[in-house]
Amino acid sequence: MSKHPAKLDFPVSQVRRYLEPGPIVLVSSARGAERNIMTMGWHTVMEFTPSLLGCVIAGGNHSFGLIRDSGECVINLPTTALTDQVVGIGNCSGAEIDKFEHFGLTAQPATRVKAPLIAECHANFECKLADDALVDKYNFFIFEVVQAHVAASPKQPQTLHYQGDGVFMVSGKIISRRKLFRPGML
C-alpha cells in the first residue's frame, strides 16, 4: 500500500460514510403509556465525567416528541444478531405500530428512567436530558448517562456501523497499543 494513496474528489454530502461517529444504536423512549424505538447513528461522546452523549434526533421522528417531553431515553447497543430489526425499526414509524411487539423485542424496566431497556441488546445506557440548548436549532440533544448495563460477554461485541446506501460495516479486529499510552491517557 502506498504511503500517499491517490485521492479523488468526493461529494461533501457523503463524508458521513467515513466519519460516522460510532455504532448504530436503538433509542427507546416513553411518555406515559406510549413507548417507541428508533434507529440512530448520529451520536458522539462529549464528556467522560459526567458521562455526556450528544445525539441528533430529527424533529419529524416520532421519538423526538417523546424524548423532548419526557427528558429521557435509553440508548441500547445492538449487535449484528439484530441487524434486520435495526433496519426494520428505522424503516417504520412508532406512531403507527408498537415496535417492541412488531420486531419481537423485550422491553425491560430501567433503573433510573421511565423509558424501557431492550433486553436483546448488548448494552443499555439510561439517559437524562442534560442540555437542550441546541435542540430547537439543530435537533441536537445532550444526554447524561445516569445508569449503564453491559453484558459480561463478549467483551468486544460485533456492532454495526452505517455507511449509507443501506450498507453497514461490522466492527473488526481489535488492535491494542495499551503499552504505548501513558496511564492517565488511557
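Q: What makes arginine 31 and glutamate 34 a salt bridge?
A: Their side chains meet at 3.2 Å, N to O. A salt bridge is a side-chain nitrogen of Lys or Arg within 4 Å of a carboxyl oxygen of Asp or Glu, so this pair makes the cut. Bear in mind that this is a predicted model, where local features need pLDDT of at least 70, side-chain atom pairs count only at pLDDT 80 or more, and totals for chains, interfaces and linings use all residues. Residues are numbered from 1 along each chain as its sequence is written, and side-chain values use heavy atoms, with hydrogens and water left out.

Q: Why is arginine 31 called partly exposed?
A: Its relative accessibility is 33%. Buried means under 20% relative accessible area, exposed over 50%, and partly exposed in between (1.4 Å probe, protein chains only), so arginine 31 lands in the middle class. Glutamate 34, at 29%, is partly exposed too.

Q: How do you know that aspartate 69 and arginine 31 form a salt bridge?
A: The N to O distance is 2.5 Å, and that satisfies the definition. Aspartate 69 sits in helix α2 (residues 62-70) and arginine 31 in strand β1 (residues 25-31), so the pair ties together parts 38 residues apart in sequence. Helices (H or I, at least four residues) and strands (E, at least two) are DSSP runs, numbered from the N terminus.

Q: Why does aspartate 69 count as exposed?
A: Its relative accessible area is 53%, and the exposed class is for values over 50%.
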